[in-house]
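Me: I would like a close look at a single part of this model, with its packing partners described one after another. Please take your time over it and keep the account connected.

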Amino acid sequence: MENFLVIVNQVAVLFILIGIGFFLRKINMFNHETVKGVTNIVMYAVTPCVIIRSFNREMNTELLHGLLLTFAVATISYIFCILMSYLLVRDKDDSRARIFRFAIIFSNTGFMGIPIYQAVLGDIGVFYGSIYIAMFNVFSWTYGYSMMEGKTKKISLKKAIINPGVLSTIIGVIIFSAGIPLPGLLEMPMSYMAALNTPLPMLIIGFYLAALRLSDFKDIKQYYIIALKLIILPVLAIALSYLFGVRGDVFLICAIAISTPSAASTTMFSELFGRDSALASRIVSLSTLLSIITLPILITLAQGLAY
């Protein structure tokens, strides 16, 4: 119960920040152009600083083993989610089915994940979580891109590698494995930038939640997809990880990553390929809203199993 209340408090803090973003949009102090600029700052400046700083530590075999294990679990979990999406998601409209599948495969491991990793485990949480973010970028820009486009031949390997999440992880791994500490002149400004990682993404999420209307709650199918995303797949993944002997911080980080709501890139890819971006945005927003209930329960469950 004590662990549960701690997690509830941590998630509640995030949702208060989301509420501020919601309010700022309602009073017209936050618009699409502003959010686009803030999103770019988070993606290209803040997140890389957070990831690189998390690798600024002395290498030891235990951390290296945890890093490799996180890579393996993250890769297997994405393959698992892809397979389950084809087994569990059906729709007469192929375009809607593609949006639904993307929404349950790809979690908000960056914007929503990093603040929770940091709140639950500190910098070591970001250290392991950055691998999950890197794998998110690899899978979303290869399989996700191809699936949403509707053509299986075109896979953007360049975009899978040349992006802030993967590049900053590569830089971090080099720093970690080579034992090169960040000089104080760089570490201090990077720590200031990293401090923006929790408030700015939450304001962005609040901005998009403020666009929800009462009519957005009527589509019954979306609740089935959200239940898959927030409950069924995380519980199955947590159970399988436990059965295969994964424990400790790696187990907890992977459980948090797969339990976060649908990724904002669900909307981005829907807009890119002319699919129903309103439906995609609705699933992302509603899954984020409902995750305030599911996240504390799943994280508490994972904590109980992890140690």
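In which hand of crossing does α3 pass α4? Please start from there, and then go on to the rest of the surroundings of α4.

Reply: This is a predicted model, and what follows should be read with that in mind. To take your question directly, α3 passes α4 in a right-handed crossing. Helix α3 covers residues 61-88, and its axis comes within 9 Å of the axis of α4, the two crossing at roughly 150 degrees. Because angles over 145 degrees count as roughly antiparallel, α3 and α4 are roughly antiparallel to each other. On the α3 side the meeting residues are Tyr78, Cys81, Ile82, Ser85 and Tyr86, and on the α4 side they are Arg101, Ile104 and Ile105. Sorted by class, the contact of α3 with α4 has six nonpolar residues, one polar and one charged.

Serine 85, which lies in helix α3, deserves a separate word. Its relative accessible area is 0%, and because buried means under 20%, serine 85 counts as buried. Neighbours within four places in sequence aside, serine 85 is in contact with Arg101, Ile104 and Ile105.

Tyr78, another α3 residue of this contact, leads from the helix pair into the interior. Not counting residues up to four places away in sequence, tyrosine 78 touches Ile105 and Phe106, then Thr109, and also Tyr132, Met135, Phe136 and Phe139. In the largest nonpolar core, which has 80 residues, Tyr78 is listed with Phe106, Ile116, Phe127, Tyr128 and Ile299 as having the most contacts inside it. The largest share of this core, 14 residues, is supplied by α6. Apart from it lies another core, of ten residues, including Val35, Val42, Ile204 and Phe207. As general background, nonpolar side chains in soluble globular proteins tend to be buried together.

The next partner of α4 is α6 itself. Helix α4 spans residues 94-105 and helix α6 spans residues 123-149; their axes come within 9 Å and cross at roughly 165 degrees. That angle makes α4 roughly antiparallel to α6, and α4 passes α6 in a left-handed crossing. From α4 the contact takes Arg98, Ile99, Arg101, Phe102 and Ile105, while α6 brings Tyr143, Gly144, Met147 and Met148. The contact of α4 with α6 divides into six nonpolar residues, one polar and two charged. Arg101 and Ile105 thus appear in the contact with α6 and also in the contact with α3.

The remaining partner to describe is helix α11, residues 220-243, whose axis comes within 9 Å of that of α4 and crosses it at roughly 25 degrees. Here the angle makes α4 roughly parallel to α11, and the crossing in which α4 passes α11 is right-handed. In this contact Arg96, Phe100, Ala103 and Ile104 of α4 meet Lys221, Ile225, Leu228, Lys229 and Leu233 of α11. By class, the contact of α4 with α11 holds six nonpolar residues, no polar ones and three charged ones. Ile104 belongs to the α4 side of this contact, and Ile104 is also among the residues that serine 85 of the α3 side touches.

Taken together, α4 is roughly antiparallel to α3 and to α6, whereas α4 is roughly parallel to α11.

Methods:
Residues numbered from 1 in each chain as written. Predicted model: local features only at pLDDT ≥ 70, side-chain atom pairs only at ≥ 80, totals over all residues. Heavy atoms only, no water. Axes fitted to C-alpha atoms, helices over the stretch in contact; angles between N-to-C directions. Helix = DSSP H or I, 4+ residues; strand = E, 2+ residues; numbered from the N terminus. Parallel < 35°, antiparallel > 145°, perpendicular 65-115°, else oblique. Left-handed = near helix turned anticlockwise from the far one by under 90°. Contact = heavy atoms within 4.5 Å. Nonpolar A, V, L, I, M, F, W, Y, C, P; charged D, E, K, R; others polar. Core = buried A, V, L, I, M, F, W, Y, C linked by side-chain atoms within 4.5 Å. Buried < 20%, exposed > 50% of the residue type's maximum accessible area, 1.4 Å probe, protein only.
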